[in-house]
Amino acid sequence: MPVPSAPSLYAIALGSNRRGRAGAPRAVLAAAVATLGALGRVRTVSPTIETPPLGPGGRRFANAAALLESALPPDAMLAALKDMERRFGRRAGRRWGARVLDLDLILWSGGAWVSPGLVIPHPAWRQRGFVLAPLAAIAPDWRDPLTGRSVRQLARTCARARTGYVPLRVGP
């Protein structure tokens, strides 16, 4: 009988800038967090922030971060997150376009991971204020396995983490 894997901790970035079955983007994020529970135990969730679009998309985003404890290995976690995006109504389209739900695997307690289709830490997370600001609220001391810098340090040095977003009320 196979021995179950020890749980890992994942930092997941959540974003939405289009209504879905759950409602407005904020409600989509709340529903997504509830659905993450099927993949493991949601330890904590950041406040939701509103951010300007990245790239040509004209709609503002609702963004948050969650810490998820799960026995799934990174490649299986990515597959589960992509399936969840599809179930929420995400369709393939242009890069940085409007989307009901965007889930990115940012950090993993196992350190760095490289496989076809998945690189952890997420390649662009250090320059994305809409990832750093929510993540700093729930995991400020988590260290980047490549640079050794904490999330708090990275957020302080990223100008976009300090400007360009408006905190939203977090609620049901």
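## A guided tour of the predicted model

With the whole chain on screen, the secondary structure comes to five helices and eight strands, in what is a predicted model. If you colour the chain from its start to its end, the elements follow the pattern β-α-β-β-β-α-β-β-β-α-α-α-β. Of the 172 residues in the protein, 45% are buried, and a surface representation would show about 8,800 Å² exposed, with carbon and sulfur atoms supplying 57% of that area. Among the contacts between residues at least 6 apart in sequence, 67% join residues at least 24 apart.

**Helix α2**

Select residues 74-87, which form α2, a helix of 14 residues that reaches 20 Å from its first C-alpha to its last, close to the 20 Å expected at 1.5 Å a residue. Now show the side chains of Pro-74, Met-77, Leu-78, Ala-80, Leu-81, Met-84 and Glu-85, which are the buried residues of α2. Turn the view until you look down the axis of α2: the buried residues fall within an arc of 165°, so they line one face of the helix. To see what they pack against, add β1 (8-16), α1 (25-36), β4 (61-70), β5 (102-108), β6 (113-115) and β7 (118-120). Following α2 is Gly-89, whose phi is positive, near 110°.

**The nonpolar cores**

In soluble globular proteins, nonpolar side chains tend to be buried together. Here the largest nonpolar core has 26 residues, and those with the most contacts inside it, a useful selection to begin with, are Ile-12, Leu-14, Leu-36, Leu-81, Leu-101 and Leu-105. The elements giving two or more residues to this core are β1, α1, β4, α2, β5 and β7. Centre next on Leu-36, which, apart from neighbours within four places in sequence, is in contact with Ile-12, Leu-14, Val-42, Ala-66, Leu-68, Leu-81 and Met-84. Apart from the largest nonpolar core lies another core, of 18 residues, among them Val-131, Leu-132, Leu-135 and Leu-154.

Then move to α3 (129-138), which is mostly covered, with seven of its ten residues buried. The buried residues of α3 are Gly-129, Val-131, Leu-132, Ala-133, Pro-134, Leu-135 and Ile-138.

**A cis peptide bond before α3**

Step back along the chain to the loop between β7 and α3, where Pro-121 lies. The peptide bond from Ile-120 to Pro-121 is cis, with omega near 5°, a feature to set against the general rule that most peptide bonds are trans.

**Glu-69 in β4**

Return to strand β4 and select Glu-69, which is found there. The side chains of Glu-69 and Arg-43 are joined by a polar contact of 2.8 Å. Not counting residues up to four places away in sequence, Glu-69 touches Pro-7, Ser-8, Leu-9, Leu-39, Gly-40, Arg-41 and Arg-43.

**Gly-20 in the loop after β1**

Finish at Gly-20, in the loop between β1 and α1. Is this glycine buried, partly exposed or exposed? At 24% relative accessibility, Gly-20 counts as partly exposed, because the buried class is kept for values under 20% and the exposed class for values over 50%. Draw a distance from its C-alpha to that of Phe-88, and the two residues prove to be 6.9 Å apart in space, although 68 residues separate Gly-20 and Phe-88 in sequence. Leaving aside neighbours within four places in sequence, Gly-20 is in contact with Val-28 and Val-100.

Notes: Residues are numbered from 1 along each chain as its sequence is written. This is a predicted model: local features need pLDDT of at least 70, side-chain atom pairs count only at pLDDT 80 or more; totals for chains, interfaces and linings use all residues. Side-chain values use heavy atoms; hydrogens and water are left out. Helices (H or I, at least four residues) and strands (E, at least two) are DSSP runs, numbered from the N terminus. The expected span of a helix is 1.5 Å times one less than its number of residues. Buried means under 20% relative accessible area, exposed over 50%, partly exposed in between (1.4 Å probe, protein chains only). The arc is that of the directions from the helix axis to the C-beta atoms. Contact means heavy atoms within 4.5 Å. A nonpolar core is a set of buried Ala, Val, Leu, Ile, Met, Phe, Trp, Tyr and Cys residues joined through side-chain atoms within 4.5 Å. A polar contact is a pair of N or O atoms within 3.5 Å; within protein, one must be able to donate a hydrogen and the other to accept it, and residues adjacent in sequence count only if both atoms are side-chain atoms. Accessible areas come from the Shrake-Rupley method with a 1.4 Å probe; for residues, only the protein chains shown count as cover.
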